[in-house]
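Visitor: I should like to learn how to read salt bridges and burial in a structural model. Please take me through a case.

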Amino acid sequence: MIPNITRGSRMAGLMVYLASTDTDKTKNAHTDPHLVAGDAAVMAWYDDGVLDHEDAVAIAKHLDQPRKLFSVEVRVKDFGWDAAKKERVHVGYKDASVWHCSLSLRAEEGALTDQQWGDIANDFVDAMGFTAASGKAQCRWAAINHGTSENGNHHIHIAVSLVREDGTKASTHGDYKRAQQTCRELEVKYGLEQLSAVYATRGYDRAEKATATRDEREMHRASLARKVRASASASATEGEFVRRARDTGMLLRPRYAKNTTDVIVGYSVAERPRPGERPIWFGGGTLASDLTLGALRQGWMDSPHAASEAAAEWNAAARNKRTVTRTGPERATPSPQVWVEYTRNATALAEQLRSVPLDDHATWAKAARDVSGAFAAWSHRLEPTPGPLAATAAELSRTAQLRAPQVHTKPVALPSIAGTAMLFLAASSKNKTAAQAALMVQLANMAHAIYQMHQQSGRTREAERIRAVVATQLKPFAATMPRPVTVGGPAQAPERGQDRNPVELGLRGLAPIRPGSAVPATAIPAKTPTGTGRESGPVLDR
């Protein structure tokens, strides 16, 4: 359940909007707005629930009465834009006696009854300290069921007067954080889908889904996010990322710092449009919280030369010109030694994840980002349309997206698999290979570690989602993989009673896989040239 808080000064205007069914004058107006909860007087007068314009005005007058009776002003700081200083500045105070919060469910959760919404609304205002349950005089309030929004979210609106019955002011200090915490508690109490307080993903609105269904294609944002994630995970520098992203078929354009053409502070991407259509652009941050340019740059080598190379590639992309560098590492084919080294790194990472504390969210997010990027790259290489690899990448990417990344410490140093995505993107063949199967064993092991982390942390929703996508989609795919080659020789036929495929065995019920059980033959570690930007992984042979 998602709370959204706003403040205002016109109770009558808010109530008329909430009761309106005039779609020509209001955005997201609904056909049957009705009362589901409120203070005792409101419910005594309007317990039939149905609202019209006259009712809305009368309820607003009732809610606003204490403020007018005691002539109380509730003011908050007002800010404006100083053009000379180019910053927000405090310009005075404004009236903010009306507290308004919508509570909405995800579209997939369906709808609640009026009784359920009424109970939730009463518990919510109690927890927010607006009723007599706080030990103070109550605030007057009302909750209106607005039904289902254009985006498919069933929701209610709660309007509260911040002047209590005795003329004192209700405190709203920390109301945003308190509202989130209250929603988490109410989700448990009423058996609703429990949203994570740690992770937050971008949603899709109804129009995007409807358009994708009509055109019989994947939603643009889902496709773009997967391509950006794959390209970013496969790249050692920002310039390499731009080239790889363009190779996937995306259009890219940079966002420059003001009055510059070489300082890039953001980016947008779009799928190539069909003839006669215009591209639909999405900023990196609208794809996923960990796909902003600032977040991506944390995984790339940084130097003056790399910055200049990146600016040149961005400028070429903005003009739809050919890439500046045409002999980058993305043009090379990985050698068998590279597959060996990254499989070993993946084995070491899968083992060390077992000792990462459950509350080290930054480290888990980094690991999930790398594993998701590997599956995303593999999907781009093997799947003409989104399949089990794409689904696995999307599910693991949820753990990579922290709700407030700035409050977490930096990830601890772990073996790097950042270049694993590079192997899949640069593979010369689209056929499944034994080397891919060996690497998949360890990727599955890391997915299992992430699953266990959520399960042991009590995040059953996140754990169940990972288990479901692995059991229903990735496990059947694994059954089609060739047997991995073991160290010292080719794959041997399974013994009697032994499963025919170690990859499929490892995915069964997310059972742990013994690290190091299968890697490609010819276990010769690759040398890492100086200045590659890879901390512990190999690079392509030049």
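Guide: Let us begin with a network. In this predicted model, salt bridges link Arg229, Asp290 and Arg369.

Visitor: By what criterion is a contact called a salt bridge?

Guide: The criterion is a side-chain nitrogen of Lys or Arg within 4 Å of a carboxyl oxygen of Asp or Glu. Here, the closest N and O atoms of aspartate 290 and arginine 229 are 2.7 Å apart, and aspartate 290 also meets arginine 369 in a salt bridge at 3.1 Å, N to O.

Visitor: Where in the chain do aspartate 290 and arginine 229 lie?

Guide: Aspartate 290 and arginine 229 form a salt bridge. Aspartate 290 belongs to the loop between helix H9 (284-287) and helix H10 (293-297), while arginine 229 is in helix H7, so this pair ties together parts that are 61 residues apart in sequence.

Visitor: And which element holds arginine 369?

Guide: Arginine 369 is in helix H13 (residues 361-382), and its pairing with aspartate 290 links distant parts of the chain, 79 residues apart.

Visitor: How should burial be read for these residues: is aspartate 290 buried or exposed?

Guide: A residue is called buried under 20% relative accessible area and exposed over 50%, with partly exposed in between. Aspartate 290 has a relative accessible area of 3%, and is therefore buried. Arginine 229 is buried as well, whereas arginine 369, at 25% relative accessibility, counts as partly exposed.

Visitor: What does the side chain of serine 233 contact?

Guide: A polar atom of that side chain lies 2.9 Å from the backbone oxygen of arginine 229. Serine 233 is placed in helix H7, which spans residues 220-234. Its relative accessibility is 11%, so serine 233 counts as buried.

Visitor: How many salt bridges does the structure hold?

Guide: The structure holds 17. One of these pairs glutamate 395 with arginine 465, with the closest N and O atoms 3.1 Å apart. Glutamate 395 lies in helix H14 (residues 388-400) and arginine 465 in helix H17 (residues 460-478), so the pair ties together parts that are 70 residues apart in sequence.

Visitor: Which accessibility class does each partner of that bridge fall into, glutamate 395 and arginine 465?

Guide: Glutamate 395 counts as buried, because its relative accessibility is 11%. Arginine 465 has a relative accessibility of 25% and therefore counts as partly exposed.

Methods
Residues numbered from 1 in each chain as written. Predicted model: local features only at pLDDT ≥ 70, side-chain atom pairs only at ≥ 80, totals over all residues. Heavy atoms only, no water. Helix = DSSP H or I, 4+ residues; strand = E, 2+ residues; numbered from the N terminus. Buried < 20%, exposed > 50% of the residue type's maximum accessible area, 1.4 Å probe, protein only. Polar contact = N/O pair within 3.5 Å; in protein donor to acceptor, adjacent residues only side chain to side chain.
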